[in-house]
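Trainee: Please give me a close look at one pocket of this model, and then carry on from there to whatever else deserves attention.

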Amino acid sequence: MNDINAAVQFDIGTFHNMQIDSLTGFDISQLESSIENKRVIIFSPRLRNRNVLMAGFIAQPGTYLYTLSSHDSTLTVFLENLVNGLSDTIPNFGAQTLQALNASSTTPRDLAEALVADLGKAKPKCTILILNDLDILEQNDEVSTFLQHLVDSLPQASHLVINSRNINYYPWNQLVQTGEAVVLGEETGLGGGIFNAGAPEIAHLEVYGFGTGRVFINGAPVDTWDGPLPRNLFYYFIDHPMVTRDEIFETFWPGLSTKEATNVFHVTKRKISERLGYELTSYSGGFYRPSNQIKTHYDVALLEKSFQSGSSKRDKSEIEDWYEVIHLYRSEFLHKLDMPWILDRREQLKRTYAEALISMGRIFKSLNETDRAIHYYLRSLRELPYREDIHRDIMTIYYGRGEADKALAQYATLEAILRRSLNIKPSHATILLRDMITGENTRR
């Protein structure tokens, strides 16, 4: 292996000139320290505007870019197309790679070394190779071995940059562990992401419950479930980290006998394990619990942890927790599924989100930042339109700013909502506030 501590020859000024920091939210000084002495630079799929950041790397001297297409699913086809693509800018490129591809007993290591040899002859000298949309290449042992040897064979002060919609845990985590690779923006992933230098290697399961629901195992998406039942049971297990067999049967198969429910349960549970490649749960003490084979990153659990943290605080540090709750709640919980337990959970989480918005509104109201307070209050009312106390807070803010007309318009909005949806009038407290504002406004 070449010296991995060679100085990185990046022109950081290029990133400044392109205003990468303002476009991506990625601090340039942080970028400079993150990529120092790294042979491999990977853009996390969670990194905002990562293609903008990639433009800064493309602008570096000696950069060569290859964007994979839908045809690049196997290692052989990928390398053939890579040679053809780079030969447009590097005349006669790829002789050794093509020779290795045509040999009868070529190994992934041979292919990696041949590609690096071809890159070494490129003019101008190749200092950065960018592989864009690498997730199109089917990930298997052959590809992992090739990528590992590609990194090992890179010349000193040359770098591999990976931009992809999904990033597999292998082989990249091993390179992160040894300090050869960095995943830019990974800290924005659930629970800090799946790449963590110094952490023990274990399977990582990323579960997004808000929206339509998304699942990734070791960075690869789980797109097929062999029917809705395995997917629904999967989410039930994830959302209920300690659950009894009776609770499961009552939720999913209340009309079946215990014997029938047991048979369906074990078949469904096996299908989940087949999709993940790991056992999701273990059974002990009468409960199904998370398996120790997997570390789970679950957006709902992180949201509830932040909510509990914010609720326990009595100072302005709680604002960070409320921000995290609001950031995580991107849409309602599993909004295309309608099992009773999902509907109940959806309503509960919607209220949790709304309470975080209300808490933010009250903080900014106490700081007399009234525009921001109204912003969060109005967002909360989109979730809980019947909360009269929030309507009253908004009315009070408007009235305090001398905007009685807006305060009375807010009352009219509440009155219409209650009449249309519940056929009731606002409470006595709200009517008194309206009358006070109306009276004061009339006297003025």
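Mentor: A volume here is the space filled by probe spheres set on grid points, which are joined across faces, edges and corners. The points lie on a 1 Å grid over the protein atoms alone; a pocket is an open set of them with protein on both sides within 12 Å along at least five of seven lines, a cavity is a set where a 1.4 Å probe fits but cannot get out, and lining residues have an atom within 4 Å of a point. The model is predicted, so to speak of local features requires pLDDT of at least 70 and side-chain atom pairs count only at pLDDT 80 or more, while totals for chains, interfaces and linings use all residues. Residues are numbered from 1 along each chain as its sequence is written, and side-chain values use heavy atoms, with hydrogens and water left out.

Take the second largest pocket, which has a volume of about 370 Å³. Its lining is made up of 21 residues, and those that lie nearest its centre are Ile238, Pro241, Thr296, Tyr298 and Ala301. At least two lining residues come from each of α10, β10 (287-290), β11 (294-298) and α13, where helices (H or I, at least four residues) and strands (E, at least two) are DSSP runs numbered from the N terminus. Strand β11 is the element that gives the most to this lining, with five residues. Sorted by class, the lining has 10 nonpolar, six polar and five charged residues; Ala, Val, Leu, Ile, Met, Phe, Trp, Tyr, Cys and Pro count as nonpolar, Asp, Glu, Lys and Arg as charged, and the others, Gly among them, as polar.

Helix α10, which supplies part of that lining, also leads to α12. Within α10, Leu229, Pro230, Leu233, Phe234 and Phe237 meet Val264, Phe265, Thr268, Lys269, Lys271, Ile272 and Leu276 of α12, contact being heavy atoms within 4.5 Å. Among the residues of this contact, nine are nonpolar, one is polar and two are charged. The side chain of Arg275 joins that of Asp226 in a salt bridge at 3.9 Å, N to O, the term meaning a side-chain nitrogen of Lys or Arg within 4 Å of a carboxyl oxygen of Asp or Glu. Because Arg275 belongs to helix α12 and Asp226 to the loop between β8 (220-221) and α10, the pair ties together parts that are 49 residues apart in sequence. Salt bridges number 24 in the structure.

Helix α13 leads on to the largest pocket, where about 510 Å³ of space lies. Twenty-five residues line this pocket, and the closest to its centre are Arg46, Thr188, Tyr208, His327 and Arg330. Two or more residues of the lining come from each of β7 (214-217), α13 (299-312) and α14 (318-328). The classes in this lining are eight nonpolar, 10 polar and seven charged.

Arg46 appears again in the enclosed spaces, since cavities of 30 Å³ or more number two in the structure. The largest cavity holds about 70 Å³ of space, and Arg46 shares its lining with Ser44, Pro45, Asn166, Ile167, Glu186, Gly189, Gly193, Ile194, Phe195, Glu206 and Gly219. Of these lining residues four are nonpolar, five polar and three charged. For the second largest cavity the space is about 40 Å³, and the lining consists of Leu119, Cys126, Ile128, Leu129, Leu154, Pro155, Ser158 and His159. Here six residues are nonpolar, two are polar and none is charged.

Leu119, part of that second lining, also has a place in a helix contact, in which Leu111, Leu115 and Leu119 of α7 meet Leu75, Leu79, Leu82 and Leu86 of α5. That contact has seven nonpolar residues, with no polar and no charged ones.

Three points of backbone geometry remain. Most residues other than glycine have a negative phi, and most peptide bonds are trans. The bond from Lys123 to Pro124, however, is cis, with omega near 0°, and Pro124 sits in the loop between α7 and β3 (128-132). Likewise cis, with omega near 0°, is the peptide bond from Tyr170 to Pro171; Pro171 is in the loop between β4 (159-163) and α9 (172-177). Asp133 has a positive phi near 60° although it is not a glycine, and its place is the loop between β3 and α8 (141-153).
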